[in-house]
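The following note sets out several points for consideration on the structure shown below. Each point is kept to a short paragraph.

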Amino acid sequence: MASNRAMLNAFMARDFLSVPSKLGVLTRRPLRTSNLPGRSRSYASTSKSKTNSNYRQNPNPGSYGPGKAGPWSMPRALALSAFTGFGTYFWGIKGTERNPALEASTVHNLRDIPVYGSAKDMQNAIHEIRDLLGDDAISTDDEDLLLHGYSEWSTTNVERLPVAVVYPKNTQEVSVIAKTCHKYRVPMIPFSGGSSLEGNFSAPYGGMSVDFSNMDQIVAMHEDDMDVVVQPAVSWMSLNESIQNTGLFFPVDPGPTAKIGGMVGTNCSGTNAVRYGTMKDWVINLTVVLADGTIIKTRKRPRKSSAGYNLNSLFIGSEGTLGLVTEITLKLAVIPPETSVAVVTFPSIREAAAAASKVIRSGVQVAAVEIMDEVQMMVINKSKSTKKVWKEEPTLFFKFSGTQSGIQADIDTVRAIAKDFNGGEFEFARTIEEQKTLWSARKEALWSMLALREKSGDVWSTDVAVPLSRLADIIELSKKELDDLGMFASVLGHIGDGNFHESIMYDKSNPKERAAVEQCVHTMVDRALEMEGTCTGEHGVGLGKKEYLLKELGVDTIGVMRKVKLALDPLWLLNPGKIVDVISPEIH
Ligand SMILES: Cc1cc2nc3c(=O)[nH]c(=O)nc-3n(C[C@H](O)[C@H](O)[C@H](O)COP(=O)(O)OP(=O)(O)OC[C@H]3O[C@@H](n4cnc5c(N)ncnc54)[C@H](O)[C@@H]3O)c2cc1C
């Protein structure tokens with residue numbers, strides 16, 4: 001076991017697919033704001049360590065950073081690689097001894113550890129893609145690398161970046177990229193809107209980010225069939241603007257800058273999920289490029305099918321670890337004739353949460369119900385995202401939709417329930433415009449919080465979901481623990497689905513603060529799991545939630561996931577390090 005551990009360390013410490021000298025420059029230089037759509041951020045905080053605490057247990061292979069002499073420092077890596085008999089440019093483990101006892105207890109044994117290409121292989125892959133797809137198809141620009149490997153919004157970042165970013169224009173080009181990366185054993189990390197929050201697109205093993213921004217077309221609109229075929233970089237918001245005149249819309253609404261490819265990746269949802277369901281409910285078929293460049297289509301175009309395995313569900317939520325999604329057929333819904341948005345405050349977060357659960361249990365089909373604590377209401381007021389000044393108390397936002405008479409009946413029922421839980425008067429958005437701004441204030445809550453930071457700092461924004469009956473309990477307890485932290489922190493969420501979020505502003509470089517925040521989040525997730533909930537209702541696992549996924553589902557279920565991964569991507573090239581570890585956690 002000891003030698004396994006040493007080999008594991010050597011494997012985890014290698015860095016030949018990233019560019020250390022560039023990384024050094026990147027982590028020190030304040031960068032200009034990006035002009036990529038939806039990615040306008042200040043990178044002032046990039047000078048700090050972005051290593052996440054979760055990697056203390058599962059050390060991040062790239063977290064050596066300039067000037068850092070941690071356990072995974074380059075000299076140590078080289079010493080270990082020499083010890084295990086590998087050449088300087090070789091990344092991975094070959095010819096590992098078999099350990100039958102270990103193999104019996106794990107579904108993924110050491111022989112399966114991938115061997116990635118050398119720096120030379122990486123350069124060859126870049127040249128080959130350039131030759132095949134043109135100079136513009138690939139970038140090694142520092143700023144591009146940072147944008148594709150680091151996110152200010154994410155709970156987890158690593159200090160390694162992709163080595164190149166490749167911009168395919170169609171499915172065939174994606175296939176060419178995958179074939180080339182397969183040939184040279186280069187990791188591929190798909191990237192669409194870059195708004196995911198759990199380190200989902202970071203590049204802990206270096207490799208190539210596959211950015212779909214040149215694939216942003218609506219391919220076909222089938223109005224009578226109520227579906228639309230899109231490329232992965234179509235954003236859900238621009239899709240809805242484009243098809244507005246048809247009377248149809250696409251109801252899944254995650255972060256404002258999210259794009260369909262990434263939304264498939266995280267099986268996202270949003271405020272409309274309580275009425276319309278999550279991403280998995282709206283995908284008819286997918287075109288997917290597999291790790292070796294093979295192109296498949298999961299289904300044809302009927303709204304339902306029971307033909308064979310449900311491959312849609314396999315790829316949806318797989319965070320790019322099983323395939324690169326290049327075309328998606330989506331169901332569309334009819335735009336409701338009327339909508340109304342109301343806001344009601346409660347004396348406590350518990351009463352607000354309990355009222356929301358009761359509304360859902362009553363059978364009223366609200367279009368959405370969102371909870372925001374007093375801190376979030378203060379954020380809305382301070383950010384001046386709406387004209388009105390709201391009471392800074394625990395609040396429910398309701399959206400009603402349907403016919404005028406139906407909406408009125410729903411409002412009456414909900415008002416009565418709210419009263420039972422000491423809710424105040426309903427305040428209605430007076431115009432469609434006011435409805436929109438109020439809702440976008442809710443959707444942009446994270447950005448508004450970041451904008452209000454007094455000094456640069458980090459955000460931990462994460463979600464869990466529990467069965468409806470446990471919602472009031474978990475929210476009340478979690479809110480109390482957040483308050484006890486004494487930091488700028490809030491609770492909000494898609495409460496109608498039992499899904500809520502904590503956002504905490506903190507200084508990651510302050511060990512005391514960091515430990516306190518980690519403990520608070522760990523307690524919340526543990527509590528959700530104890531309540532038969534999930535470690536993530538919608539953000540996905542990425543890097544940030546891997547240890548919880550194991551806790552939630554257990555070794556055997558994770559083992560099945562790993563087998564699926566190995567079946568589709570035996571070289572472990574697609575978004576390695578996400579959802580399940582390359583190396584089985586039970587051997588750590
Ligand atoms: C302000 C804000 C609000 C948010 N609100 C919500 C919310 O209400 N609900 C919610 O669910 N989420 C929310 N999010 C999170 C985020 O918007 C979602 O996770 C969204 O689904 C990510 O889409 P994206 O296009 O940005 O994906 P990316 O971040 O680009 O990628 C997400 C994952 O999918 C993979 N991927 C990307 N493209 C492809 C592809 N073509 N093929 C295969 N895999 C791919 C990536 O490798 C990555 O693992 C919010 C984020 C922000 C910043």
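1. How many residues lie between β7 and β8 in the hairpin, and which residue in the turn has a positive phi? In this predicted model, the hairpin formed by β7 and β8 has 4 residues between its strands, and the turn residue with a positive phi is M226, at about 55 degrees. The two strands, β7 (residues 218-222) and β8 (residues 227-230), run antiparallel and are joined by 4 bridges. One bridge pairs H222 with D227 in β8.

2. A second point concerns the open sheet. Its 4 strands follow the order β3-β4-β6-β5, and the pairing is mixed. Because β3 (138-139) and β5 each have a single partner strand, they stand at the edges, and one side of each has no neighbour in the sheet. The link between β3 and β4 (residues 164-166) consists of 2 bridges, with the strands antiparallel. Within this pair, I138 lies opposite V166 of β4.

3. The ligand environment deserves attention. The ligand is surrounded by 37 residues, of which G193, G255, G261, G262 and G265 are the closest. Two or more residues of this shell come from each of β5 (188-191), α9 (260-266), β12 (324-331) and α16 (445-451). The greatest contribution is that of α9, with 5 residues. By residue class, the shell comprises 16 nonpolar, 16 polar and 5 charged residues. The edge strand β5 of the open sheet is thus also among the elements that contribute to the shell.

4. Helix α19 (residues 546-568) departs from a straight geometry. Its end C-alpha atoms are only 20 Å apart, whereas a straight helix of 23 residues would span 33 Å at 1.5 Å a residue. The helix has a kink of about 105 degrees centred on G554. Its buried residues are K546, Y548, L549, I558, R562 and K565, and these pack against α18 (511-530).

5. Is E374 buried, exposed or partly exposed? This residue belongs to helix α13 (residues 374-383). With 18 other C-beta atoms within 10 Å, E374 is partly exposed, since 20 or more would be needed for a residue to count as buried. Leaving aside residues up to four places away in sequence, E374 touches E392, E393 and P394. The C-alpha atoms of E374 and I349 are 8.7 Å apart, although the two residues are separated by 25 residues along the chain.

How values were computed:
Residues are numbered from 1 along each chain as its sequence is written. This is a predicted model: local features need pLDDT of at least 70, side-chain atom pairs count only at pLDDT 80 or more; totals for chains, interfaces and linings use all residues. The expected span of a helix is 1.5 Å times one less than its number of residues. The bend at a residue is the angle between axes fitted to the seven residues ending there and the seven starting there. A residue is buried if 20 or more other C-beta atoms lie within 10 Å of its own, exposed if 12 or fewer, and partly exposed in between; C-beta atoms are placed from the backbone. Two residues are in contact if their C-beta atoms, placed from the backbone, lie within 7 Å. A residue is near a molecule or strand if its C-beta atom, placed from the backbone, lies within 6 Å of it. Ala, Val, Leu, Ile, Met, Phe, Trp, Tyr, Cys and Pro count as nonpolar, Asp, Glu, Lys and Arg as charged, and the others, Gly among them, as polar. Two strands pair if DSSP finds at least two bridges between them.
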